[in-house]
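Colleague: Could you take me through this model and tell me what stands behind each label you use?
Modeller: Gladly; let's put it on the screen.

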Amino acid sequence: MSPEQQILEYDRRHVWHPYAPTVGADPMLAVTAANGVRLQLHDGERHHEVIDAMASWWCQIHGYRNPVLDEALNRQRSQFSHVMFGGLTHKAAVDAVTALVELAPLDRVFLGDSGSVGVEVSLKLARQVQIARTAARGGTLTRTRIAALRGAYHGDTLGAMSVCDPIGGMHAMFSDSVPQQIFLPRPPAFAAEATEVEAWCHEADEVLDDHRDDLAGIIVEPILQGAGGMWPWSPSCLKHLRRRADELDLVLIADEVATGFGRTGKLFACEWADVVPDIMVVGKSMTGGYLTQSAVLCSDELASEVSRGPGGSLMHGPTFMGNPLASAVTAASLAIISQGQWNDDVTRIAEVMSRELASLRNEPGVIDVRVFGAIAAVQVDTPINMRRATRTAVENGVWLRPFRDLVYAMPPYICTNDDLEAMAAGMRAVVIDQLDAAQDKINHRKES
């Protein structure tokens, strides 16, 4: 048995993968190397070289084995790999925070472990803001709930799950056992007509006004809902939420874990609406995909308000908060971002993917083709067969991870035009194969 076969066999018997069963699971592929935008895979019999259209779930924006990030990681490793962040600080964390503050519109930073943890912290922070404000007024706290959007996805931990879509979302089965939040209708599309926006604002206002005494804040994935369907939504709706949050004394939270650092064509997606949230959560590409780290940003005024309130601090403290290795690579990744090349790259990705996927708009069974920044998604009228889609993609030299009815790509920014054209060709092959298979099933039922 080859080393790759041994890995795959042990994995099959003992490893539980994300969103995958242990019985009847799709076969895994072993990664044997990664460089630039390419992965070397082994299926137990053959080697495959593929372009990673997923950027390892949207985070590996600078590519694998990036020399700048490698050097930063190795330099920090030679000093120390971890120290607790309670009562201590270090240069790597301060450098990471400095880089964040220089890029973001907020100036107080709480470092976390992951995007989900960042969302948890943001929800607790919004709650503590209202606790502090209520205490200052000498009142009784009633503002404990969060308003979120239908179609939302904010992570897999308990609090984050509570602000995911409770009906059509990935965590719908838990909707009766998580904190019960308030949900606004899904906003209309990015380029929606003014009448659609106005109608949505009216619906949203009714919900917000009905719950004005219950709500602590509003959380959104600004301008692009990711795992909820790669759905770009109207900046005018985000402007409206910013205005209503101010009117109702609510905390506006922007979950920029997926959208931050250029993915939508703006450094932060909130810029599409020219708004600044009260709290911003970032993660994923913050470290260039090298290590897990997130950050929760707010204004110094907001942080001071919480610090003067009951508890006297933000009540959260991850063991690996401010991890030096993660912080060092964050600072290096953000230094690359600050050079601005991402802007041209994201524009180029959008242009190539729009051109290369345009023909799918005419295919029967294709509902929509959406390209927004460095995101390309094809929505079809049938659920994707993951095993079949993976096989087709790999045979076409591309790594894709479709979900539900979407075949999508969120590639590394460093992809060349040739890479992008090959990526789009792989997406087209998967879409056509899925639609053909669905039609074959229909024909078979008719014949029988």
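Colleague: How many salt bridges does the count come to by your rule?
Modeller: The count comes to 24 salt bridges, where a salt bridge is a side-chain nitrogen of Lys or Arg within 4 Å of a carboxyl oxygen of Asp or Glu. Please bear in mind that this is a predicted model, where local features need pLDDT of at least 70 and side-chain atom pairs count only at pLDDT 80 or more, while totals for chains, interfaces and linings use all residues. Residues are numbered from 1 along each chain as its sequence is written, and side-chain values use heavy atoms, with hydrogens and water left out.

Colleague: What makes Arg 242 and Asp 246 a salt bridge?
Modeller: Their closest N and O atoms are 2.8 Å apart, and the cut-off is within 4 Å, so the pair qualifies. Both belong to helix α8 (residues 235-248), and because they are four residues apart, about one helical turn separates them. By helix I mean a DSSP run of H or I with at least four residues, and by strand a run of E with at least two, numbered from the N terminus.

Colleague: Why does Arg 242 count as buried or exposed?
Modeller: Buried means under 20% relative accessible area, exposed over 50%, and partly exposed in between, with a 1.4 Å probe and protein chains only. Arg 242 has 11%, so it is buried. Its partner Asp 246 has 52%, so that one is exposed.

Colleague: How do you know that Asp 345 and Arg 348 meet in a salt bridge?
Modeller: The N to O distance is 3.1 Å, which fits the rule. Both sit in helix α11 (residues 341-357), three residues apart, about one turn of the helix. Asp 345 is buried, with a relative accessible area of 11%.

Colleague: What does Arg 348 touch, leaving out residues up to four places away in sequence?
Modeller: Tyr 413, Cys 415, Thr 416, Asn 417 and Leu 420, contact meaning heavy atoms within 4.5 Å.

Colleague: And which class does Gln 341 fall into by its relative accessible area?
Modeller: Gln 341, also in helix α11, has 44%, so it is partly exposed. Its C-alpha lies 9.4 Å from that of Ile 414, although the two are 73 residues apart in sequence.

Colleague: Which residue forms a salt bridge with Glu 356?
Modeller: Arg 355 does, with the closest N and O atoms 3.2 Å apart. Glu 356 is buried at 18%, whereas Arg 355 is partly exposed at 48%. There is also a network of salt bridges that links Asp 205, Asp 209, Arg 212, Arg 244 and Glu 247.

Colleague: What puts the buried residues of α3 on the same side?
Modeller: The buried residues of helix α3 (residues 67-77) are Leu 69, Ala 72 and Gln 76. They cover an arc of only 60° around the axis, which puts them on the same side of α3; the arc is that of the directions from the helix axis to the C-beta atoms. Pro 67 and Arg 77 are exposed on the other side. The buried residues pack against α4 (91-103) and α10 (324-338).

Colleague: At what angle do the axes of helix α5 and helix α9 cross?
Modeller: Helix α5 (residues 115-137) and helix α9 (residues 300-307) cross at roughly 65°, their axes coming within 8 Å. Axes are lines fitted to C-alpha atoms, for helices over the stretch in contact, and angles run from 0 to 180 degrees between N-to-C directions. Where they meet, α5 brings Leu 125, Gln 128, Val 129, Ala 132 and Arg 133, and α9 brings Leu 302, Glu 305 and Val 306.

Colleague: Is the crossing of α5 and α9 left-handed or right-handed?
Modeller: The crossing is left-handed, a term used if the near helix is turned anticlockwise from the far one by less than a right angle, with clockwise being right-handed.

Colleague: What is the phi of Trp 57?
Modeller: The phi of Trp 57 is near 60°, a positive value in a residue other than glycine. Most residues other than glycine have a negative phi, which is why such a value gets a note. Trp 57 is in helix α2 (residues 55-58) and is partly exposed at 42%. Asp 249 also has a positive phi, of about 60°; Asp 249 lies in the loop between α8 and β10 (251-255) and is partly exposed at 29%.
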